[in-house]
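Hello,

I am passing a structure on to you, and I thought a short tour would help you find your way around. Please open it first, and then read on.

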Amino acid sequence: MPSKIKDLFDDPAPAKVEIIPLHELAEGQEADFFALLAEKQILTTRDKKPYFRVTFRDAKRDVSFPIWNDAPLAAECRDNWQPGQHFKLRATLRETNYGPQLDIARIRLVEESDAADGFDPLMCLPRSRFDAEQMFADLVEMARTHITDETLCEIVVGIYEQYREQLLTLPAAKFNHHAYVSGYLEHVRNVARTTLTLSQSYRELYADLDPPLNSGVALAGALLHDIGKLRELTETPSGAEYTASGTMIGHVLQGRDMFLEAAAGTDLDAELKLRVEHIIVSHQRLPEWGAPKPPMTPEALIVHHADDLDAKLQMMVAAIDGEEGEGEFTSKRNPLRMGVFRGSVARLSES
């Protein structure tokens, strides 16, 4: 690591500055904090002079601002700052006509010793509001309680236990829905709960169906419908990125592969295996969404709609919660590409 970057923090300082998360900084407040360099753009002024626009972020705030070509940090920014790196900064938050900016007094790359002050590589990424360990335990308990075929249950639980550490932090997607730390477990737990409720209800409504609707198969499919994302996505300091196989094959077929690999050599009933396999390959429903086949069983249809509902509802909630301003509708700048109704003007004015 270039010594010049390190010296910006190692030079004597008047007094120790309190460590405060970036998202808690108030206007005009100086503090030490850890942040991820999320983006570095090379731009030009109207006079054709180059400058950098950088974005530092933690889990709840992004701050983008220019580093002018003649600024003291310009050379360091050009030569040593790379997106995806974590930094310790001493800076003051300034509100400007162009949004919040940082006046940086000191900056260096994070070091191992920063863990004592609370640094965690995942701290600069948004994360699920639910505890990952509890979500994982809930999913395993659901499998052991409701998947009555012992072999199928052990296959599902075995996959989860094999990939436990990766599943605890995996986002559900790179963009759009549940695209944050532990988002995968949050999404799958929602889908599994909805699938179990619907499959049990419809099994009672269609009690004469032959063969009967199998809640255990539906739940197994719900638990494994996105399992291919373990191979489709990789976690980076900036969030999820697609692997080569994720880009070229996707998670649907890779999820089917993972299930078949786990089932190989077991005595799993052939039709049960086919039904779970079908849920995995059909859960996206449409070819343009990555599904080679549409849902052709009651269990597959339930999992598709449970999955689609949870993804779209999370997008809608994020649109409502994530956009400031007034008005009955949000803007259309969201993955659903439509305004979401927030409530009447009268109600908003009363709140």
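Is R193 buried, exposed or partly exposed? With a relative accessible area of 40%, R193 is partly exposed. We will come back to its partner below, but first some background.

Please keep in mind that this is a predicted model. The protein chain has 351 residues, of which 45% count as buried. Its secondary structure consists of 13 helices and 7 strands. If you draw a box along the principal axes, the C-alpha atoms fill roughly 75 × 55 × 40 Å. Contacts also reach across the sequence: among those between residues at least 6 apart, 57% join residues at least 24 apart.

Now to the charged pairs. There are 17 salt bridges in the structure, and I would like to show you three of them.

R193 belongs to the first one I picked for you: its side chain meets that of D138 in a salt bridge, with 3.6 Å from N to O. This pair links distant parts of the chain, since R193 sits in helix α6 (residues 183–205) and D138 in helix α3, 55 residues apart. While R193 is partly exposed, D138 has a relative accessibility of 14% and counts as buried. The cut-off for buried is under 20%, so D138 falls on that side of it.

Helix α3 also takes part in the next pair. R164 forms a salt bridge with E133, and their closest N and O atoms are 2.3 Å apart. Here too, distant parts of the chain are linked: R164 is in helix α5 (residues 164–169) and E133 in helix α3 (residues 132–146), with their positions 31 residues apart in the sequence numbering. Both ends are partly exposed, R164 with a relative accessible area of 26% and E133 with 41%.

The third pair is E299 with R275, where the closest N and O atoms are 3.5 Å apart. E299 lies in helix α12 (residues 298–322) and R275 in helix α11 (residues 270–282), so this salt bridge ties together parts that are 24 residues apart in sequence. E299 is buried, with a relative accessible area of 3%. Salt bridges can also share partners, and in this way E133, R164 and E165 are joined into one network.

While you are looking at helix α11, please find S282, which lies in it. S282 counts as buried, at 0% relative accessibility. Which residues does S282 touch, leaving out those up to four places away in sequence? They are A291, K293, P294, P295 and A300.

Finally, have a look at how two other helices pack. The axes of helix α4 (residues 150–162) and helix α10 (residues 251–263) come within 10 Å and cross at roughly 120 degrees. The two helices are therefore oblique to each other, and α4 passes α10 in a right-handed crossing. On the α4 side, L152, I155 and I159 make the contact, and they meet M258, F259, A262 and A263 in α10. What classes of residue make up this contact of α4 with α10? It has 7 nonpolar residues, with no polar and no charged ones.

I hope this helps you get started, and I am happy to look through it together.

Best wishes

Terms used
Residues are numbered from 1 along each chain as its sequence is written. This is a predicted model: local features need pLDDT of at least 70, side-chain atom pairs count only at pLDDT 80 or more; totals for chains, interfaces and linings use all residues. Side-chain values use heavy atoms; hydrogens and water are left out. Axes are lines fitted to C-alpha atoms, for helices over the stretch in contact, and angles run from 0 to 180 degrees between N-to-C directions. Helices (H or I, at least four residues) and strands (E, at least two) are DSSP runs, numbered from the N terminus. Angles under 35 degrees count as roughly parallel, over 145 as roughly antiparallel, 65 to 115 as roughly perpendicular and the rest as oblique. A crossing is left-handed if the near helix is turned anticlockwise from the far one by less than a right angle, and right-handed if clockwise. Contact means heavy atoms within 4.5 Å. Ala, Val, Leu, Ile, Met, Phe, Trp, Tyr, Cys and Pro count as nonpolar, Asp, Glu, Lys and Arg as charged, and the others, Gly among them, as polar. A salt bridge is a side-chain nitrogen of Lys or Arg within 4 Å of a carboxyl oxygen of Asp or Glu. Buried means under 20% relative accessible area, exposed over 50%, partly exposed in between (1.4 Å probe, protein chains only).
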